Amino acid sequence: MSVRIVADVLIPGRGDPIDHGTVVLDGDRILYAGPTSGAPAASSDDVIDEVPVALPGLWDCHAHLMGITQPSIEALVGTNPLTAAARAVSDLAAVIDGGITSVRDVGGPGIRLAPVVEEGRIRGPRIHAAGRILSTTGGHADIHSVPLDLVHQLTCSGEFSYLCDGVPEVLKAVRTNLRANARLIKICASGGVMSEIDHPIHQQFSDEELATIVAEAGRAERIVAAHCHGKPGIMAAVRAGCHTIEHGSFLDEEAADAMLERGAMLVPTRFVVEALLPQIERLPRYAYEKGQMVAGAHEQAMKIAIAKGVKIAAGCDIFVSGQMYGEGSREILHLINAGMTDLEAIEAATANAPETLGPQAPRSGQLVAGYDGDVIALDTNPLDDRGVWGDPTRVTHVWQRGTRIK
């Protein structure tokens, strides 16, 4: 028995749309995707679904399954890890109901949730997790208002971050994450917005530390994803060989050229900027002020990267439980607003996305024979109606591993 998805339009993830198309799922893989006229003959027991539009399951390449209910890193202090994980279960269900069938979790308990999703015990996207974020002491993934000894305890038990300084400590941090089966390594190469004391523009980790992290990850065929707002951190991360730059708020033409030369990708995460800045009453004052400083530069940086041809993958940076986890496809709309065509933005959320994992990339994100059987259907063609993006009610069907789950 096969599953046949017959669509008025197929959007394959990379390439032109196909009118009157069919996707045939056999087990957990795509057997055929293309014009209906060329599809293999159906058998009497095939399951057939007719939909307006089918496309590959979407990716969120910058996810955090933190299970905290306030937009503040300090919320980690008062949140029991079991409570956080329980909240994440409903967040995961919202993500997949919104059409996102794979996430790259770049810091948090996703590394512990991933095997539970694979076992089929909870509904959720495939999770490709980084484990604990590598940060300098006093860096972006430190909790500055909390005594340092307590931070070490909290960030370890909550799977949030790993504070490390100097070559021996960063080596140990990488190896500790690899021991937990991290599929990538996430670092803070610059300061951030949601951390209290550090400055978003300042570089964090020395060039020597960065080179060590990238080399050690590379020996295990893992890439390094670098949180970077400021240009010094971007340039240092690119020089060291980091594969993805996350946010890239102060990226300029020189930085874009460096990324092109080294083949680095950008995950800009405009979603979180647009989602959190209006919540002035909920954000810590320092986070609101730094967010205001970053927002305009970030908008311009996205436009520069797109105009220069930097390869981009879609990511949201959602981290507040119960909020917006089903709306991640809105990042596609933000990419369009920054200068991408509709098909380019869809490609950023599908075909480009697995490439953010380098050698660990699965065959996913395209309607191609042999690829993962993760497919979604929308109630109308998004090339005609962009209003579908960010609205989970417009996602009529979700197939994961070849099985319809919505």
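Helices and strands here are DSSP runs, helices of at least four residues and strands of at least two, numbered from the N terminus. The model is predicted.

**Exercise 1. The largest cavity**

Find the element that gives the most residues to the lining of the largest cavity, and describe that lining.

Step 1. Start with the inventory. The structure holds three cavities of 30 Å³ or more.

Step 2. Take the largest cavity. Its volume is about 520 Å³.

Step 3. Go to its lining, which counts 33 residues. The closest to the centre are His140, Val193, Met194, Asp317 and Phe319.

Step 4. Assign the lining to elements. Two or more residues come from each of β10 (185-188), α8 (270-276) and α9 (285-308). The helix α9 gives the most, with six residues.

Step 5. Sort the lining by class. It divides into 20 nonpolar, 11 polar and two charged residues.

Result: α9 is the top contributor.

**Exercise 2. A parallel sheet and the largest pocket**

Work out the strand order of the open sheet of three strands, then find which elements each supply at least two residues to the lining of the largest pocket.

Step 1. Read the order. The sheet runs β5-β6-β7, with parallel pairing. Its edge strands are β5 (58-63) and β7 (126-129), each pairing on one side only. From one strand to the next, the twist averages 20 degrees.

Step 2. Check one pairing. Strand β6 (residues 100-105) meets β7 over four bridges in the parallel sense. Arg104 has His128 in β7 as its bridge partner.

Step 3. Add the helix. Helix α2 (residues 110-118) packs on the sheet and touches β6 and β7. The direction of α2 makes about 150 degrees with that of β7.

Step 4. Turn to the pocket. The largest pocket holds about 280 Å³ of space. It is lined by 14 residues, and the closest to its centre are Ala114, Ile127, His128, Asn181 and Arg183.

Step 5. Assign the lining. Both α2 and β7 supply at least two residues. By class there are seven nonpolar, three polar and four charged residues.

Result: the order is β5-β6-β7, and α2 and β7 are the elements sought in the pocket lining.

**Exercise 3. An enclosed strand**

Explain why strand β15 (residues 395-400) counts as largely enclosed, and trace its partners.

Step 1. Apply the burial cut-off: under 20% relative accessible area. Five of the six residues of β15 are buried, so the strand is largely enclosed by the rest of the structure.

Step 2. Find one partner. Strand β14 (residues 375-378) is joined to β15 by four bridges, and the two run antiparallel. Val375 stands opposite Trp399 there.

Step 3. Find another partner. Two bridges join β15 to strand β16 (residues 403-404), again antiparallel. Trp399 also stands opposite Arg404 in β16.

Step 4. Inspect the turn. The hairpin of β15 and β16 has two residues between the strands. Arg401 takes a positive phi near 55 degrees in this hairpin.

Result: β15 is largely enclosed because five of its six residues are buried.

**Exercise 4. Two residues of β2**

Decide for Thr22 and His20 in turn: buried or exposed?

Step 1. Place them. Thr22 is found in strand β2 (residues 18-26). His20 lies in β2 too.

Step 2. Compare with the cut-offs, under 20% for buried and over 50% for exposed. Thr22 has a relative accessible area of 0%, so it is buried. His20 has 58%, so it is exposed.

Step 3. List contacts of Thr22 beyond four places in sequence. Among them are Arg4, Ile5, Val6, Tyr32 and Pro35.

Step 4. Check the backbone. Most residues other than glycine have a negative phi. His20 has a positive phi, near 55 degrees. Glu221 likewise has a positive phi, near 60 degrees. Glu221 sits in the loop between α5 (207-219) and β11 (224-228).

Result: Thr22 is buried, and His20 is exposed.

**Exercise 5. The inner side of a helix**

Which residues of helix α10 (residues 330-337) are buried, and what do they pack against?

Step 1. Pick out the buried residues. They are Glu331, Ile332, His334, Leu335 and Ile336.

Step 2. Identify the packing partners. These residues pack against β5, α8, α9 and α11 (342-349).

Step 3. Look past the helix. Gly339 follows α10 and has a positive phi, near 125 degrees.

Terms used: Residues numbered from 1 in each chain as written. Predicted model: local features only at pLDDT ≥ 70, side-chain atom pairs only at ≥ 80, totals over all residues. Heavy atoms only, no water. Buried < 20%, exposed > 50% of the residue type's maximum accessible area, 1.4 Å probe, protein only. Pairing = 2+ DSSP bridges. Axes fitted to C-alpha atoms, helices over the stretch in contact; angles between N-to-C directions. Contact = heavy atoms within 4.5 Å. 1 Å grid on protein atoms, 1.4 Å probe; cavity = no way out; pocket = protein on both sides within 12 Å on 5 of 7 lines; lining within 4 Å. Points joined across faces, edges and corners; volume = space filled by probe spheres on them. Nonpolar A, V, L, I, M, F, W, Y, C, P; charged D, E, K, R; others polar.
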